[in-house]
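Here is an informal walk through one protein model and its ligand. Have the structure open while you read, and turn it as we go.

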Amino acid sequence: MRIVKNIDEVRRQVKEWRAQGLTIGLVPTMGYLHEGHASLIDASHRDNDRTVVSDFVNPMQFGPSEDLESYPRDIERDSHLVEAHGGDIIFAPEPEEMYRKGFSSFVDMTVLTEELCGLSRPVHFRGVCTVVSKLFNIVQPDCAYFGKKDAQQLAVIRHLADDLNMDIKIIGCPIVREVDGLAKSSRNTYLSGAERKASLVLSQAIALGTAMVRKGEKNCSVIISAMKKHIEAEPLASTDYVKIVDCDTMQQISTLDRPAICAIAVYIGSTRLIDNFFTEDV
Ligand code: AMP
């Protein structure tokens, strides 16, 4: 397993693999890897001959008041996890390698990015679409793996690949959770002891919504109200959003009459956490 910081070196390696007729999977991450990332690497290792894991805290997808500086980083630890799960290369470029002097091209998306996290984080998806397009161009994988944890991101990437005719299969992988239900996230390290306990309102609200859908509730505002009420009973929690959207368009719906995603974003103290469920998985 090698750590590569240079774009040309990744390209050389990919070319060599291609010449040998090998298939390539890509797992884009921002590092500080956990079992959620590991599940994507496992899936790529299962489906492809070689797996590239990108490990890049992408400055372009952070807003000015967000946590770019404090985002946790530990490439040494990440390399052990990638190796243990069958990854072949970590691509860990410096920001100056990805965004060279004079960089001025961006990939932007309308509609799908106008709801949910796109509303609270206005520059986020432009950064995501741009960096993922660059990674796709650099690695040219057969398949790329994304977590359902970031449900809107998954929908955006599927749409991007389709809109721009990228010949890459986009694979969505299930959310991996802590034993008590909290969705694994590199940002969970920000939580104090009391906040970690309070953070359980997210997975509890998801369980509540899931149970209502399973029982046949179709009225979105009834489901949303019950989930919000649960979250707001926790003093350390404040709701950014609880919404139910069409799976493909990310537009809000009022009745569960098509495949949908119920997505939430909640501040626990100053840490913003997200969670969701897909109605098709209920
Ligand atoms: P990040 O490093 O947070 O940008 O995440 C990189 C990839 O890992 C994204 O596709 C995420 O959706 C995915 N991911 C992060 N946390 C989880 C989780 N708990 N379960 C499944 N996938 C995850």
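Let's begin at the ligand, keeping in mind that this is a predicted model. An oxygen atom of the ligand sits 2.8 Å from an N or O atom in the side chain of His37. There is also a contact through the backbone: an N or O atom of Met30's main chain is 2.9 Å from an oxygen atom of the ligand. A nitrogen atom of the ligand joins in too, with a backbone N or O atom of Val176 at 2.9 Å. On its own the ligand has 490 Å² of accessible area, and the protein covers 93% of that.

Who else is around? The shell holds 17 residues, and the ones that come nearest are His37, Gly147, Asp150, Val176 and Lys184. By type, the shell residues split into eight nonpolar, six polar and three charged. If you prefer to think in elements, look at strand 2 (24–29), helix 2 (35–47) and strand 5 (143–147), each of which supplies at least two shell residues. Which element gives the most to the shell? That is helix 2, with three residues.

**Aromatic rings**

Now for the rings. A pair of aromatic rings is described by the distance of the centres and the angle of the planes. The count for this model comes to five aromatic pairs. Take Phe103 and Phe106 as one example: their ring centres are 5.7 Å apart and their planes are at 85°, and because an angle over 60 degrees counts as edge-to-face, that is what this pair is. Phe103 is partly exposed, at 29% relative accessible area, and Phe106 is partly exposed as well, at 37%.

Another edge-to-face pair is Phe136 with Phe146, at 6.4 Å centre to centre and 75° between the planes. This pair links distant parts of the chain, with Phe136 in helix 6 (residues 124–139) and Phe146 in strand 5, ten residues apart. Are these two rings' residues buried or exposed? Phe136 counts as buried at 3% relative accessibility, and Phe146 is buried with a relative accessible area of 3%.

Back at Phe103 and Phe106, the picture widens: together with Phe56 and Tyr99 they form one aromatic cluster. Phe106 also has a charged neighbour, as Arg126 lies over the face of its ring, 4.0 Å from the ring centre. Elsewhere, Lys148 lies over the face of Phe278, at 4.6 Å from the ring centre.

**Loop residues worth finding**

Several loops have residues you can pick out by eye. Start in the loop between helix 4 (95–98) and helix 5 (117–120), which is where Val111 is found. Val111 has a phi near 45°, a positive value in a residue other than glycine. At 38% relative accessibility, Val111 counts as partly exposed. Ser105 has its place in the loop between helix 4 and helix 5, and at 51% relative accessibility Ser105 counts as exposed, because the cut-off is over 50%.

Gln140 is in the loop between helix 6 and strand 5. Its phi is positive, about 45°, although Gln140 is not a glycine. What is the relative accessible area of Gln140? The value is 48%, so Gln140 is partly exposed.

Move on to the loop between strand 6 (169–173) and helix 8 (193–198), the place of Arg187. Arg187 is buried, with a relative accessible area of 17%. Pro174 is found in the loop between strand 6 and helix 8, but Pro174 counts as exposed at 61% relative accessibility.

Three of these loop residues also have a partner far along the sequence, as set out here:

| Pair | Separation along the chain | C-alpha to C-alpha distance |
|---|---|---|
| Arg187 and Thr271 | 84 residues | 7.4 Å |
| Pro174 and Lys148 | 26 residues | 5.5 Å |
| Ser105 and Thr130 | 25 residues | 8.2 Å |

Lys148 turns up twice in this tour: it is the residue over the face of Phe278, and its C-alpha atom is 5.5 Å from that of Pro174.

Terms used: Residues are numbered from 1 along each chain as its sequence is written. This is a predicted model: local features need pLDDT of at least 70, side-chain atom pairs count only at pLDDT 80 or more; totals for chains, interfaces and linings use all residues. Side-chain values use heavy atoms; hydrogens and water are left out. A residue is near a molecule or strand if one of its heavy atoms lies within 4 Å of it. A polar contact is a pair of N or O atoms within 3.5 Å; within protein, one must be able to donate a hydrogen and the other to accept it, and residues adjacent in sequence count only if both atoms are side-chain atoms. Accessible areas come from the Shrake-Rupley method with a 1.4 Å probe; for residues, only the protein chains shown count as cover. Helices (H or I, at least four residues) and strands (E, at least two) are DSSP runs, numbered from the N terminus. Ala, Val, Leu, Ile, Met, Phe, Trp, Tyr, Cys and Pro count as nonpolar, Asp, Glu, Lys and Arg as charged, and the others, Gly among them, as polar. Rings of Phe, Tyr and Trp (its six-membered ring) pair if their centres lie within 6.5 Å; planes under 30 degrees apart count as stacked, over 60 as edge-to-face and the rest as tilted. Buried means under 20% relative accessible area, exposed over 50%, partly exposed in between (1.4 Å probe, protein chains only). A charge sits over a ring if NZ of Lys or CZ of Arg is within 6 Å of the ring centre and within 35 degrees of the ring normal.
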